[in-house]
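Okay, everyone, thanks for squeezing me in. Let me put the structure up, and then I'll walk you through it.

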Amino acid sequence: MAANPKTTTAETITVERPTSRDQLDEFARLPFQVYAGRDAWWPPDVQNEIDLLSRRSLLSSHLEVTPFCARRAGRLVARVSAVINRRYIEHWNEQLGQLIQFEALEGEDIAVAAMLDQAVQLLHERGMRSVRSGFAAFLDYPYAIDNYNALPSFLLRGNPASYHRYFKDAGFVTEKGQVDYTASLTPEILARYRRMAEAAAVAGVTIQSWREYGFLAAIDAWTDVTNAAFDRHWGWNPVTRAEVRPMLTSLWETPVADLSMLATIDNQCVGAVFSVPDLSPALARLRRGVRLDPERGGGTRGALINIGVIERARGRGVALAMAARSFLAMARRKMRFAGYTLVLDDNWASRRTAISLGARVTGNFVTYRLSRRSSSALTL
Ligand SMILES: CC(C)(COP(=O)(O)OP(=O)(O)OC[C@H]1O[C@@H](n2cnc3c(N)ncnc32)[C@H](O)[C@@H]1OP(=O)(O)O)[C@@H](O)C(=O)NCCC(=O)NCCS
């Protein structure tokens, strides 16, 4: 057992549900301790987390969020939020609860076990039959199983390896694996992208950036296409135009408007891509003197975050053409690498797309699940 009995005694451990502004602030800031020793990491948006936890988020109408934290000798050592997402439950007709925002210090096995037990128990009492941790649309992302000390792709976790032990000890099993890809934007690859874009044009597919399409209309088009394309995609739940507009509107004056794409056939929007420039110079925390590997950031890595094509337009090169146009726009802005972020291991349509774009696997992740059969120790 990794828990050190000298420093981790059950007597000194308490599990609490933070509610006050100060407690929520302390909860939201735990990552600053977990990742303090890293050369580079993505700090949380503390205010955004507090808004979610105090039901002041745009998503609050369909979410019940209950934060938990564990203290040892008074010190905050772990945190997690139990979520009941009514929209997910209705969409999939599945009584699935979610554990999001999990973070914990090293060697806190006893505290983490006590906290996870209480969070799972709450979901059980609220009628959930299983629990997922490591993927909740717009709320949480999977756990890294490699690259522990490198800056992860934007949005993704760079968690310590100990998180896997914490979840396995709590009875969770791996539910899904995910892959993150990176393409190197060499002259040969860029020539291949131009051919992909031309082939789509010949086939009657029009690709436009969100700026060319009209940015505000593009946001609604993205919402509609993404809801349709991801309808049966594992883990997804629908989002509304009213929720997405305020999240994305402020991006109209950023390169997102030039890197994100829409595909239309006969004036009907059939495909959407959302891409971002390299956000590490603005958002990542770097130890003084550290220079990022250009493949990871520092101004040279853009990322395609999301791609969807509605069913009737699939298999005609629409995804390839949209991604190709997005990556060409990245190259024009001096980016040398393009991320193709987070594909399920078994999503072969998307993995084939990544491979045809010349991308290779550069990161691996998992999502955990606890169900009735997973553990006799936990009473789900
Ligand atoms: C993944 C997705 C965007 C692909 O769109 P698409 O326009 O059909 O893809 P393309 O026609 O451009 O084909 C791209 C590559 O994938 C392959 N492909 C497409 N559909 C496939 C399938 N069902 N199974 C295996 N390969 C497939 C194509 O053959 C092509 O590979 P090739 O260049 O080696 O021939 C689309 O299936 C989709 O929207 N799926 C649901 C949402 C989703 O999973 N998004 C990705 C999340 S990571």
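So I'll jump straight to a loop: between β6 (130-133) and β7 you'll find Phe138. Keep in mind as we go that this is a predicted model. What caught my eye is the backbone there, since phi of Phe138 is near 70 degrees, a positive value in a residue other than glycine. Is Phe138 buried or exposed? Somewhere in between, actually: Phe138 counts as partly exposed, because 15 other C-beta atoms lie within 10 Å, and a residue needs 20 or more of them to be called buried.

Now slide along to the loop between β7 and α6 (162-169), where Leu155 sits. Leu155 isn't a glycine either, and yet its phi is positive, at about 85 degrees. Leu155 also has 15 other C-beta atoms within 10 Å, so it goes down as partly exposed.

Okay, zooming out. The protein has 14 helices and 15 strands. Its radius of gyration is 21 Å, and the globule rule for 380 residues also gives 21 Å, so the protein is as compact as a globular protein of that length. If you're setting up a box, the C-alpha atoms fill roughly 70 × 50 × 35 Å along the principal axes. Of the 380 residues, 45% are buried. And if you take the contacts with a separation of 6 or more, 75% of them are between residues 24 or more positions apart.

Next, domains. The domain assignment splits the protein into domain 1, residues 10-175, and domain 2, residues 181-366. From one C-alpha centre to the other, domain 1 and domain 2 are 28 Å apart. How many residues are in contact across the two domains? On the domain 1 side there are 28, and they touch 27 residues of domain 2. Staying on the domain 1 side, three elements each put in at least two residues: β2 (40-41), α4 (86-92) and β7 (143-144). Of the elements there, α4 gives the most, with three residues. By class, that side of domain 1 has 19 nonpolar residues, six polar ones and three charged ones.

Right, the ligand, which I guess is what you've been waiting for. There are 21 residues around the ligand, and the closest are Arg314, Ala319, Ala349, Arg352 and Ser356. Which elements give two or more residues to that shell? They are β13 (301-309), α13 (318-332) and α14 (348-356). The largest share comes from α14, which supplies six residues. As for chemistry, the shell around the ligand breaks down into 10 nonpolar, eight polar and three charged residues.

One last stop, and α14 comes up again. In the loop between β14 (337-344) and α14 you have Asn347. Asn347 is partly exposed too, because it has 17 other C-beta atoms within 10 Å, still under the 20 needed for buried. Asn347 also pairs up with something remote in the sequence: His233 is 114 residues away along the chain, but C-alpha to C-alpha the two are 9.0 Å apart in space.

So, if you want places to click on afterwards, I'd go for the loop with Phe138, the loop with Leu155, and then α14 in the shell around the ligand. That's my bit, happy to chat.

Note on methods:
Residues are numbered from 1 along each chain as its sequence is written. This is a predicted model: local features need pLDDT of at least 70, side-chain atom pairs count only at pLDDT 80 or more; totals for chains, interfaces and linings use all residues. Domain bounds come from an automatic or database domain assignment. Two residues are in contact if their C-beta atoms, placed from the backbone, lie within 7 Å. Helices (H or I, at least four residues) and strands (E, at least two) are DSSP runs, numbered from the N terminus. Ala, Val, Leu, Ile, Met, Phe, Trp, Tyr, Cys and Pro count as nonpolar, Asp, Glu, Lys and Arg as charged, and the others, Gly among them, as polar. The radius of gyration is taken over C-alpha atoms; the globule rule is 2.2 Å times the number of residues to the power 0.38. A residue is buried if 20 or more other C-beta atoms lie within 10 Å of its own, exposed if 12 or fewer, and partly exposed in between; C-beta atoms are placed from the backbone. A residue is near a molecule or strand if its C-beta atom, placed from the backbone, lies within 6 Å of it.
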